[in-house]
Amino acid sequence: MLKPFAYEWEMEAGYAREPALLALLRSRGVPAPANAEVVRDDDGRVLAVSYDYIEGVPVSALGRAARATLARDVGAALTALHAVPVEEASALAVPEMDLGEGLYRPMVEACLPHLGPRGRAWLECRFATFIEGGGSSGAPRVLVHADLGCVHVLAEHAGRLAGIIDWTETMIADPAYDLAALLATCPRGFAERVIEAYEGPASLDPDMRRRADFYVSMLPMWLVRFGGGIGGGEARRVGVRRIAARAAAEARRDRR
């Protein structure tokens, strides 16, 4: 379904192409929803995207053995996703992006005015260090989910992967971005098992962890950038506090 803030986030195009994208993914063995359709209003604007219901539970509802099974399945699904031919995704108008310059630089600039001095200094330094280390300019370019939080991974009770949902933000970018999303939102042991099972291009990339660590560290920035209209601005305030806390923790480590 269409998120209420989709137009503010300029996500309408993602919803519009989602049915064709999901069909492509399924044809390549990626467990995406079936029978997707765009629902529009009388003016042709996207109202919603509907698809077949996927019966499943989140990772948090599974026991240890079932999580191990799911981790293997998710690793295989990511391997299949990152093997989808980029030219086929491009033909559906899926955007390609250098995450460092195309996504994170404008987000950093938009977030700085909302932060205190320590938070601003930390964010500027963290981003500069990332770019100086190569950013994501040299990363492989593959089709990524780009919002692979644990809430979008659904499993059968025995742990087999039932499906992955919410493909609106899909792009052609660094494969480490998907791995970072799992590290940021899933139990750490589960995410590491997924990475062990993954056999895509990032598995052979010695620079993958550097990029993934940066993407994980930037998670609070999304709250600062887009949280002004969520919960009366409380989401943004949470993001500001989290960045301040990360800055303080790093300062303590530097003093040791």
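## Starting with Ala66

Where is the place of Ala66? Ala66 sits in helix 2, which covers residues 64–81. Keep in mind as you look around that this is a predicted model.

Is Ala66 buried or exposed? With a relative accessible area of 10%, Ala66 is buried, because buried means under 20%. Leaving aside residues up to four places away in sequence, Ala66 touches His157, Ala158 and Gly159. You can also look from Ala66 to Val153: these residues are 87 apart along the chain, and their C-alpha atoms are separated by 13 Å.

## Aromatic rings

How many aromatic pairs does a search of the whole structure find? The search finds eight. One of the aromatic pairs is made by Phe130 and Tyr215, with ring centres 5.9 Å apart. Their planes stand at 65°, and over 60 degrees counts as edge-to-face, so this pair is edge-to-face. Phe130 belongs to helix 5 (residues 117–132) and Tyr215 to helix 8 (residues 208–217), so the pair ties together parts that are 85 residues apart in sequence.

Both partners are hidden from the surface: Phe130 counts as buried at 3% relative accessibility, and Tyr215 counts as buried at 5%. Tyr215 also pairs with Phe214, again edge-to-face, at 6.0 Å centre to centre and with 65° between the planes. Phe214 and Tyr215 are both buried. For a wider view, find the one aromatic cluster formed by Tyr104, Phe127, Phe130, Tyr177, Phe214 and Tyr215.

## Where helix 4 meets helix 9

Now turn to helix 4 (residues 99–111) and helix 9 (residues 219–226). Their axes come within 9 Å and cross at roughly 60°. An angle from 35 up to 65 degrees is neither roughly parallel nor roughly perpendicular, and helix 4 and helix 9 are therefore oblique to each other. The crossing of these two helices is left-handed.

Which residues in helix 4 meet helix 9? They are Leu103, Tyr104, Met107, Val108, Ala110 and Cys111, and their counterparts in helix 9 are Met221, Trp222, Val224, Arg225 and Phe226. By class, this contact has ten nonpolar residues, one charged residue and no polar ones. Tyr104 takes part in this contact and is also a member of the aromatic cluster.

## What covers helix 9

Within helix 9, the buried residues are Pro220, Met221, Val224 and Phe226. What covers these buried residues includes helix 4, helix 5, helix 8 and helix 10 (234–255). Helix 5 and helix 8 are already familiar, as they hold Phe130 and Tyr215.

Notes: Residues numbered from 1 in each chain as written. Predicted model: local features only at pLDDT ≥ 70, side-chain atom pairs only at ≥ 80, totals over all residues. Heavy atoms only, no water. Phe/Tyr/Trp six-rings, centres within 6.5 Å; stacked < 30°, edge-to-face > 60°. Helix = DSSP H or I, 4+ residues; strand = E, 2+ residues; numbered from the N terminus. Buried < 20%, exposed > 50% of the residue type's maximum accessible area, 1.4 Å probe, protein only. Axes fitted to C-alpha atoms, helices over the stretch in contact; angles between N-to-C directions. Parallel < 35°, antiparallel > 145°, perpendicular 65-115°, else oblique. Left-handed = near helix turned anticlockwise from the far one by under 90°. Contact = heavy atoms within 4.5 Å. Nonpolar A, V, L, I, M, F, W, Y, C, P; charged D, E, K, R; others polar.
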